[in-house]
Amino acid sequence: QVQLVESGGGLVQPGGSLRLSCAASGSIFSIYAMGWYRQAPGKQRELVAAITSGGSTNYADSVKGRFTISRDNAKNTVYLQMNSLKPEDTAVYYCNADVLASGWVTINSWGQGTQVTVSS
């Protein structure tokens, strides 16, 4: 079993910042790619940012230059620093990870989601 627990969401004014965290726990041997997705009401879930175990990153065009993904492998945690937030960033943000778990099985896991609302 692998669990991902997100934290750090909330209400922020346009132009403000938030930092999301996602901690993985359970029977983990190692974690490959980790990422953040988001889903706004009436829209499909989309990739926001991803990071490999080696630190290579990938971002959606809409967040490049504003969001930064990072990870702490020792803590099995991934972060998303969000700056210059816009109302269109409002969504539920989900953490995702590919985990090598006990039994040498690779599991794709999702967190429960955290709400980010950007509004004045």
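Reader: How many bridges join S7 to S8?

Author: Happy to start there, with the note that this is a predicted model. Strands S7 and S8 run antiparallel. One facing pair is serine 70 and tyrosine 79, the latter in S8. The number of bridges that join S7 to S8 is 6.

Reader: Which strands are the edge strands of the open sheet?

Author: The open sheet has 4 strands with antiparallel pairing, in the order S1-S3-S8-S7. An edge strand here pairs on one side only. That description fits strand S1 (2-7) and S7.

Reader: By how many degrees are neighbouring strands of this sheet turned against each other on average?

Author: The sheet in question is the open one with the order S1-S3-S8-S7. For its neighbouring strands, the average turn, with direction ignored, is 15 degrees.

Reader: Let's move to the charged residues. Is arginine 38 buried or exposed?

Author: Arginine 38 sits in strand S4, which covers residues 28-39. Its relative accessible area is 7%. Buried means under 20%, so arginine 38, at 7%, is buried.

Reader: Which residues have side chains that make a polar contact with the side chain of arginine 38?

Author: Among the residues that arginine 38 touches, not counting those up to four places away in sequence, are Val48, Phe67 and Tyr93. Glu46 and Asp89 are in that list too. A polar contact of 2.7 Å joins the arginine 38 side chain to that of glutamate 46, and one of 2.9 Å links it with the side chain of aspartate 89. The names you asked for are glutamate 46 and aspartate 89.

Reader: How far apart are the closest N and O atoms in the salt bridge of arginine 38 with glutamate 46?

Author: In general, side chains of opposite charge can pair when their charged atoms come close. In this pair arginine 38 is buried, whereas glutamate 46 is partly exposed, with a relative accessible area of 35%. The closest N and O atoms of their salt bridge are apart by 2.7 Å.

Reader: Which parts does the pair of aspartate 89 and arginine 66 tie together?

Author: Aspartate 89 forms a salt bridge with arginine 66, with 2.7 Å between the closest N and O atoms. Aspartate 89 is in one loop and arginine 66 in another, so the pair ties together parts that are 23 residues apart in sequence. Those parts are the loop between strand S8 (77-82) and strand S9 (91-101), and the loop between strand S6 (57-59) and strand S7 (67-72).

Reader: What is the relative accessible area of aspartate 89?

Author: Its salt-bridge partner, arginine 66, counts as buried at 11% relative accessibility. Aspartate 89 is buried as well, and its relative accessible area is 1%.

Reader: Which residues are linked in a network of salt bridges?

Author: The structure holds 4 salt bridges. One of them joins arginine 38 to glutamate 46, and another joins aspartate 89 to arginine 66. The linked residues are Arg38, Glu46, Arg66 and Asp89.

Reader: With which residue does lysine 64 form a salt bridge?

Author: The closest N and O atoms of this salt bridge are 3.1 Å apart. The partner counts as exposed, at 64% relative accessibility. That partner of lysine 64 is aspartate 61.

Reader: One last residue: which residues does serine 109 touch, not counting those up to four places away in sequence?

Author: Serine 109 lies in strand S10, residues 105-110. Serine 109 is buried, with a relative accessible area of 6%. The residues that serine 109 touches, with that exclusion, are Val2, Leu4, Cys95, Asn96 and Ala97.

Technical notes
Residues numbered from 1 in each chain as written. Predicted model: local features only at pLDDT ≥ 70, side-chain atom pairs only at ≥ 80, totals over all residues. Heavy atoms only, no water. Helix = DSSP H or I, 4+ residues; strand = E, 2+ residues; numbered from the N terminus. Buried < 20%, exposed > 50% of the residue type's maximum accessible area, 1.4 Å probe, protein only. Polar contact = N/O pair within 3.5 Å; in protein donor to acceptor, adjacent residues only side chain to side chain. Contact = heavy atoms within 4.5 Å. Salt bridge = Lys/Arg side-chain N within 4 Å of Asp/Glu carboxyl O. Pairing = 2+ DSSP bridges. Axes fitted to C-alpha atoms, helices over the stretch in contact; angles between N-to-C directions.
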